[in-house]
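Please open the model in a viewer and keep the sequence panel visible alongside it. The tour proceeds by selections, each followed by a description of what is to be found there.

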Amino acid sequence: MRDCAEYMCALEASLDMVGGKWKALILWHLAEGSLRYSELGRLLPRTTPKMLTQQLRELEADRLVERTVFPVVPPRVEYCLTELGHSLVPLLGGLCDWGKRYLREVRGVEVPMCEKTGRILRG
C-alpha cells in the first residue's frame, strides 16, 4: 500500500486495493467464506503460486483479507475477508454484472454464471 499522500483521489486508492489481475477474483471467491491456499489455487488455475502468495500478502497488508494459521501438522492456513473486505463484495458484484453485460452486448458472448455464487460455470 502506498502512502496516502501519493493518491490523487479516493478512486485511485480504491483501484490500488483491488487492482491487478487476481486481487478482485481472490476477494470474490472469499466472499463465500474461508478458503485454504490450495483451494484458492484451484479456483484460480491460471495464477502461479508466487503471484497468488504475493496478491494474498498485499490484500492482507491492506486489511482486506485475514490469514489464519492453525497449529497442526502439516500446517493449515486459511484466508477470509475482513469486515473491510466484505464491504467490497457489492462493488465486485456490480463489476461482474457490468462485465456480463459488456460481453453480451459488445462481444456477443454469453457467459454461463452460477446464480447462487455468481461464479463462471466451467463445462
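**Strand β2 and Arg67**

Begin by selecting Arg67, which lies in strand β2. The model is a predicted one. Arg67 has a relative accessibility of 40% and counts as partly exposed, because that value falls between the limits of 20% for buried and 50% for exposed. Now display its surroundings: apart from neighbours within four places in sequence, Arg67 is in contact with Glu60, Val77, Glu78 and Tyr79. Add Thr82 to the selection and draw a C-alpha to C-alpha distance: Arg67 and Thr82 are 9.7 Å apart in space and 15 residues apart in sequence.

**The loops on either side of β2**

Step back along the sequence to Arg63, in the loop between α4 and β2. The backbone deserves inspection here, for Arg63 is not a glycine and yet has a positive phi of about 65 degrees. Is Arg63 buried or exposed? Its relative accessible area is 63%, and Arg63 is therefore exposed.

Next, select Val73 and Pro74. The peptide bond that joins Val73 and Pro74 is cis, with omega at about -5 degrees. Pro74 is found in the loop between β2 (65-70) and β3 (76-81).

**The whole chain**

Clear the selection and colour the protein chain by secondary structure. Six helices and three strands should appear. In sequence order, the protein chain follows the pattern α-α-β-α-α-β-β-α-α. The protein chain has 123 residues, of which 29% are buried. Among its contacts with a separation of 6 or more, 43% are between residues 24 or more positions apart.

**Helix α2 and its partners**

Select helix α2 (residues 23-30) and keep it on display for the next three views.

For the first view, add helix α1 (residues 10-18), whose axis comes within 7 Å of that of α2 and crosses at roughly 75 degrees. The two helices, α1 and α2, are therefore roughly perpendicular to each other. Show side chains at the contact: Asp16, Met17 and Val18 belong to α1, while Lys23, Ala24 and Leu27 belong to α2. The residues of this contact of α1 with α2 comprise four nonpolar, two charged and no polar.

For the second view, replace α1 with helix α4 (residues 49-61); the axes of α2 and α4 come within 10 Å and cross at roughly 75 degrees. That angle makes α2 roughly perpendicular to α4. From α2, select Lys23, Ile26 and Leu27, which meet Leu52, Gln55, Leu56, Glu58 and Leu59 in α4. Here the division is five nonpolar, one polar and two charged residues.

For the third view, bring in helix α6 (residues 89-105), which packs against α2 at an angle of about 115 degrees, with the axes 10 Å apart. How are α2 and α6 oriented relative to each other? They are roughly perpendicular, because angles of 65 to 115 degrees fall in that class. The crossing of α2 and α6 is left-handed. Select Ala24, Leu27 and Trp28 in α2 together with Val89, Leu92 and Gly93 in α6, as these residues meet across the contact. Five residues of the contact of α2 with α6 are nonpolar, one is polar and none is charged.

**Along helix α6**

Remain on α6 and select Leu95, which lies in this helix. Leu95 is exposed, with a relative accessible area of 55%. Draw the C-alpha distance from Leu95 to Ala24: the separation is 9.7 Å, although these residues are 71 positions apart along the chain.

Finally, select Trp98 and Tyr102. Both lie in helix α6, four residues apart, which is about one turn of the helix. How many aromatic pairs does the model contain? The count comes to one aromatic pair. That pair is formed by Trp98 and Tyr102 and is stacked, at 5.5 Å centre to centre and with 10 degrees between the planes. Trp98 is exposed, at a relative accessible area of 57%, whereas Tyr102 counts as partly exposed, at 28% relative accessibility.

Note on methods. Residues are numbered from 1 along each chain as its sequence is written. This is a predicted model: local features need pLDDT of at least 70, side-chain atom pairs count only at pLDDT 80 or more; totals for chains, interfaces and linings use all residues. Side-chain values use heavy atoms; hydrogens and water are left out. Axes are lines fitted to C-alpha atoms, for helices over the stretch in contact, and angles run from 0 to 180 degrees between N-to-C directions. Angles under 35 degrees count as roughly parallel, over 145 as roughly antiparallel, 65 to 115 as roughly perpendicular and the rest as oblique. A crossing is left-handed if the near helix is turned anticlockwise from the far one by less than a right angle, and right-handed if clockwise. Contact means heavy atoms within 4.5 Å. Ala, Val, Leu, Ile, Met, Phe, Trp, Tyr, Cys and Pro count as nonpolar, Asp, Glu, Lys and Arg as charged, and the others, Gly among them, as polar. Rings of Phe, Tyr and Trp (its six-membered ring) pair if their centres lie within 6.5 Å; planes under 30 degrees apart count as stacked, over 60 as edge-to-face and the rest as tilted. Buried means under 20% relative accessible area, exposed over 50%, partly exposed in between (1.4 Å probe, protein chains only).
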